[in-house]
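Biologist: I would like to learn how to read a structure like this one, feature by feature. Where should we begin?

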2 protein chains.
Amino acid sequence: MSIRTEIHKQNIVKIFNPKSIAVVGTNNVKGTVPYDILFNILKTEFTGIVFPVSPGEKSICSVKAYKYVVDINDAVDLAIIVFPNTVCHMALEQCGQKGIKGVVIISAGFKEVGEKGLEREKQLKQIAEKYDMSIIGPNCLGIINTDPNINLNASFARKMTEQGSIGFLSQSGALCTAVLDYALAKHIGFSKFISFGNKVDISEIDLIYYLMEDDKTKVILLYLEEVTDGRALMKAARDVTSLSGKPVLLLKAGRTEAGASAAASHTGSLAGNDEIYDAAFKQAGIIRCDNIEEMFNIAIAFAYQPAPRSNKVAIITNAGGPGVLTTDAAIHDGLQLAKFSEETTREFRKCLPANANIKNPVDVVGDAHADRYNIALNGAFREDDVDAVFVILTPQSMTDIETIAKEVVKVSKQYLKPVYASFMGEADVAAGVDILLRNKIPHYILPESMCRSFSRVYRFYRDIDINPHPQRIYTDVDTKTVHSILNEAIKNNHLYLPEDEAVSILKIYGFPVVSSKLATSPDEAALVALNIGFPVVMKIMSDDIIHKSDAKGVVLNINSVEEARNTYSAIIEQVLQIMPEARIKGMQVSEMILSGEEVILGIKRDPSFGPIVMFGLGGVYVEVFKDISLRVAPIDEIIADSMIKQIRSYKILQGIRGKAPRDIAAIRECLIRLSQLALDCPQIKELDINPLIVLEETKGCYVTDARILLNTSTVQ
Amino acid sequence: MSIRTEIHKQNIVKIFNPKSIAVVGTNNVKGTVPYDILFNILKTEFTGIVFPVSPGEKSICSVKAYKYVVDINDAVDLAIIVFPNTVCHMALEQCGQKGIKGVVIISAGFKEVGEKGLEREKQLKQIAEKYDMSIIGPNCLGIINTDPNINLNASFARKMTEQGSIGFLSQSGALCTAVLDYALAKHIGFSKFISFGNKVDISEIDLIYYLMEDDKTKVILLYLEEVTDGRALMKAARDVTSLSGKPVLLLKAGRTEAGASAAASHTGSLAGNDEIYDAAFKQAGIIRCDNIEEMFNIAIAFAYQPAPRSNKVAIITNAGGPGVLTTDAAIHDGLQLAKFSEETTREFRKCLPANANIKNPVDVVGDAHADRYNIALNGAFREDDVDAVFVILTPQSMTDIETIAKEVVKVSKQYLKPVYASFMGEADVAAGVDILLRNKIPHYILPESMCRSFSRVYRFYRDIDINPHPQRIYTDVDTKTVHSILNEAIKNNHLYLPEDEAVSILKIYGFPVVSSKLATSPDEAALVALNIGFPVVMKIMSDDIIHKSDAKGVVLNINSVEEARNTYSAIIEQVLQIMPEARIKGMQVSEMILSGEEVILGIKRDPSFGPIVMFGLGGVYVEVFKDISLRVAPIDEIIADSMIKQIRSYKILQGIRGKAPRDIAAIRECLIRLSQLALDCPQIKELDINPLIVLEETKGCYVTDARILLNTSTVQ
């Protein structure tokens, strides 16, 4: 842990649990941010003491004001700075002198407005480091802590949030205002609500760790526009999940190029490849959401209800159509409809009317009152095969909505299984929905959203992996030699590594490589071919030719000494017709692997996630179907396996149409070795093994071609 | 048009525009359906006269009651029957005697409860036919007509809907209650609201045509659990779109098998293959929705705003983050961000603050009041490159939400371009949202839903096809001969047609077929092969062997007379080892087509949509990627083209990795011929051409193998 991280860890606790606060730069102009911040702190009945600091005022909101923060005699735990951006640094300097360790800077006009703002931001950072202070912001809405021992609304939000167990972190302040409004109407409560803005000092990573240890927080929500350090984010999410079992939900803006460029123009941030984000988040166990509604739909499911033991649900409805829609949605989202035992069926037959549907989905029919819901609910909860109950209601003319809502609350409290509800409609069901939400029954206007949310919760607990599997490190590799090959090539201003060298690097890293040898004359080629054994492949070797096939520099399936000799001359002739200037070293003569399946393995580097490992089937599968899987290195056997199984064309590797299955274990080993190579050698910017030819099960695989793009700025 | 359809057409108009109504079976028990129906008619101030009919009451709701409907002296246009299901038929008989032509039967307990109910339903149908009456229902919520000249709420809905231009049709009555409640809260108005229940007589098809001609209806919404006649539904939707330009939106329950079985258990309906539904709906221009929220999101977009000229939008926001989310969603849904002219840019630079983002998405920043929205709105509407405007708002502390909503309404009225809004949040934005919705500005809580809805509207108008292209009919076919081959095979109790006959049927229907001939001895096989030219393919011919490859009955690439002779004997030996009982006719010797791309063409029959044409690339593309396209026959050139282009592997046909493009025109012709064959010959239950080998552009294609499964119940 870095020193700053350690300092932040201590200071953040003080920021959220201050005994005293200075609001620096406040004033008496109602309806402005500097005023609203102070007034919100007072209005929410903050349990500590607040000191207004304002150069020109005697008092603000009936509270005595100080000219400078250093004028305050008492100790101050937290400063909220609301001065114009041009003087923030001076206020911060005084906070440092005063010994204040925690600071929230609300003011805007920093990195997001360009070069000058960035300069101002750097200045803030320097001051913070000088005094061992920690800053949240600038350019943020502020922070909220609903803990009744603190009661802090140090934000310019219109209203204080309800108390709850969701911790919310947002890079965008404006989005917070929409989220707060949305949450209030649905009685969604927060433990902490944190707008962290430009994250000049304290980052989302620091805050995630804080919420992990915060016992008031059960679920962590994060809205991000810019992933500054992807690896740190992944590690934080993994730590949170494995150490605390808390889920991390993420909404990441800037998915598309246009979105990313819009994000760049308003935060100065730079977005990477969204496919890599997707893969990395999944790998870290982060639940990525498509929009704020989905985020809160899932969040309340986690916050309000226990983890389900399985995906087997019972559906209870007073309307057939919606029962069908819910069933469709449940199956679509990978859930199962529980099967009722004879006992449950008998009970339902006895106690529900004849026209009710007593199978799952249970239809208590349109004229059902709360008593019928009671019977169906108790029956479903008691049933062994049921691990969650979905309650559907439509507002029919005889439906006593509020009584049924109360019944759902009452009955479900007696059981430990999760319950979810969808009272369909809006105005008439509103009072019933209110009862459900106040009593922490997750409610969804659409049964489809209910099923989807439950499914995400179920999958999170199913896939949660609290036992980190030790990473396998191959020791039969010679990193030093590989470094010297790469460094030498970079020194010689190569952009690409010559192919024979690329292949030999892979060989040094334990990859199976086809037998091959450089031949510099037709006769030598024939001799080499004879030694390797026919058929062979012949490929031109020239530093000037990257795409050998395009230059007609590759011939497959050479079957005799005579053919080998002729092919040598023929290739040279053809290549020189196309590229007369090419300097030719000779021909690489290689064993030809028959009847294997071609796969592609690769390394890329992402600006925020670092080395990425890629896998896919060769040829059209990659080109036409874009059927690839990505993971952030390092990868272990389980991750490598999941990469291989993720592609749609995996079935081909399993063997279709009577073909034998391919050697998956061999691919897995190559992927792990590749991941190791990627981490060991930052000189490799991109690497493609295309193809790796995979034989039948237990028979291995062979690298036959590889390309390495060098990272010319790196020499190790 | 059938006689019943013609009768319905006349009667439906009376059902929705009655001058007088009898409520048959009503009573004085408040809170029951028979009472509520009558009271709703009175409460809504129906413009005609209502007659309660109740055997045991003098008056109901202060209105004089009649013992029987025949006791009423005045003419009656519409009867609403609310008697228990066991006596409905008697009431209906009396309605017939009274000369009432339009009847809505609310009562439940018919087809949906099983055999007995189905019997009762058939009885109703017979009576209706006897008297030339038309029935809506049974088992429905009733009907609503908001036309102020009628004011009819003949339903047991809790509340009357607002007046509007959406026509809503639902098979489920209970779903209607949820929809009404949802719509009321959002000020969504309806022209007609029709719950048609078990559709014993009047079907959704009759009602779609009614709404097509109803000038109060601009958009038609349909909730269906059972598609009784898929072809009629397709035709109706196509007619609606081409004749009236009105969109048809559909929510179809029973997508999954479990959902379909749940639907079957509550309506007695049977669902087909959802992929076929999907293809058929698309082909008919029907907009399929995933849930009721999406359905209304799209419906209000159609109902409230003009058709967009293009997909170029301007986004106006007071918050950067939501601007990014909206941009992401827009691009994801196939929209484009309009580019502002220099004039617009200059205007924005002049009139918006320095920290505003004046490019698209326009960010008027957090402290924006209505005046800034005014500038941005006018600028965007005036900009030539903008064809729709999206307005985003987050409720920041200075945001005057209602004033901005009014500004959006006021400014957008001055332009003919569509405007959509997303005021994010819930409680604080509610009053503003209310202003928008009352003024027919489509509003969405999520910008993502806004983009998606606009995109569906845009695509509908883009793809609308009001000029039906004449269907090409090939006349170079001999249907008579094909019928006799098929009939003969059915008579001989064949399940599959022998392969050589299958191929010859295709030949008769103008498909290019490889040269081939049956050989019955090794010597004959050698001679045939010599005549055809090497290489050839040899295939065993036996009525007992369907899967020739599995029985080792196929050998490719035979290159000489000697090889042909030996192969003949070798195949027979191998086949007899596997299937000693097989009766062998001989060997089919065929030309071997080299270097073609294998595609698959097929026919299936769906219980509600009839013959379906299938297309895909052969081998793994179909098996692993399920990469196929489906259309309901008949198909024309445009549809055939869209089928070919729809598959993901289309790129392979276009030619990748230096390969020449394939002969798409030849595939297109085969698809149209196949569609014609499917319609001409109901004896064909399933047909697979696997493969059709497609050569390079202009070089044609060849059927090399075909399989026909016979419809043993059909002889033409």
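Modeller: Begin with a crossover. This is a predicted model, and in it β12(B), helix α7 (residues 230–244) of chain B and β13(B) make up a β-α-β unit that is right-handed.

Biologist: How many bridges pair β12(B) with β13(B), and in which sense, parallel or antiparallel?

Modeller: In general, strands of a sheet pair through backbone hydrogen bonds, either parallel or antiparallel. Here β12(B) and β13(B) are parallel, with 5 bridges. For a marker to look up, L224(B) has K252(B) in β13(B) as its bridge partner.

Biologist: What does β12(B) pair with through β10(B)'s side of the sheet, and over how many bridges?

Modeller: β10(B) and β12(B) run parallel and are joined by 5 bridges. There, I166(B) stands opposite V219(B) of β12(B).

Biologist: How many residues of β12(B) are buried?

Modeller: Of its 6 residues, 6 are buried. Both faces are covered: V219(B), L221(B) and Y223(B) lie on one side, I220(B), L222(B) and L224(B) on the other.

Biologist: What is the strand order of the open sheet in chain B?

Modeller: The 7 strands follow the order β9-β8-β11-β10-β12-β13-β14, and the pairing is mixed. In chain B, β9 (152–155) and β14 (287–288) each have a single partner strand, so each has one side without a neighbour in the sheet.

Biologist: How is β14(B) attached to β13?

Modeller: Strand β13 (residues 248–252) of chain B pairs with β14(B) in the parallel sense, over 2 bridges. One bridge position to inspect is L250(B), whose partner in β14(B) is R288(B). Helix α5 (residues 173–185) of chain B packs on this sheet, where it touches β10 (162–170), β11 (189–195) and β12 (219–224) of chain B. The direction of the helix makes about 155° with that of β10(B).

Biologist: Turning to chain A, what is the strand order of its open sheet?

Modeller: The order in chain A is β9-β8-β11-β10-β12-β13-β14, with 7 strands and mixed pairing. The edge strands are β9 (152–155) and β14 (287–288) of chain A, and each of them pairs on one side only. Strand β13 (residues 248–252) of chain A runs parallel to β14(A), joined by 2 bridges. L249(A) is the residue opposite I287(A) in β14(A). Across β10 (162–170), β11 (189–195) and β12 (219–224) of chain A lies helix α5 (residues 173–185) of chain A, at about 155° to β10(A).

Biologist: Which strands pair with β8(A)?

Modeller: β9(A) does, in the antiparallel sense over 4 bridges, and so does β11(A), also antiparallel over 4 bridges. I143(A) has A154(A) in β9(A) as bridge partner, while G142(A) is matched with S195(A) in β11(A). β8(A) and β9(A) form a hairpin with 6 residues between them. In that turn, N151(A) has a positive phi of about 55°.

Biologist: Are the residues of β8 buried or exposed?

Modeller: In strand β8 (residues 142–145) of chain A, G142(A) and I144(A) point one way, I143(A) and N145(A) the other, and all are buried.

Biologist: What does chain A look like as a whole?

Modeller: Chain A has 24 helices and 30 strands. Its C-alpha trace spans about 95 × 80 × 40 Å along the principal axes. Of its 716 residues, 53% are buried. Among contacts between residues at least 6 apart in sequence, 72% join residues at least 24 apart.

Biologist: How is chain A divided into domains?

Modeller: The division is domain 1 (3–301), domain 2 (306–463), domain 3 (469–513 + 594–716) and domain 4 (515–592). The centres of domain 3 and domain 4 of chain A, taken over C-alpha atoms, are 25 Å apart. Between these two, 5 residues of domain 3 are in contact with 7 residues of domain 4. The domain 3 side has 3 nonpolar, 1 polar and 1 charged residues.

Biologist: How many residues of chain A are in contact with chain B?

Modeller: 73 residues of chain A are in contact with 73 residues of chain B. Elements that give two or more residues to the chain A side include α5, α8 (257–267) and α21 (620–623) of chain A. α11(A) gives the most, with 10 residues. By class, that side has 32 nonpolar, 24 polar and 17 charged residues.

Terms used: Residues numbered from 1 in each chain as written. Chains lettered and ligands numbered in written order. Predicted model: local features only at pLDDT ≥ 70, side-chain atom pairs only at ≥ 80, totals over all residues. Buried ≥ 20, exposed ≤ 12 C-beta atoms within 10 Å, placed from the backbone. Pairing = 2+ DSSP bridges. Axes fitted to C-alpha atoms, helices over the stretch in contact; angles between N-to-C directions. Domains from an automatic or database assignment. Nonpolar A, V, L, I, M, F, W, Y, C, P; charged D, E, K, R; others polar. Right-handed = clockwise from strand over helix to strand, strands pointing away.
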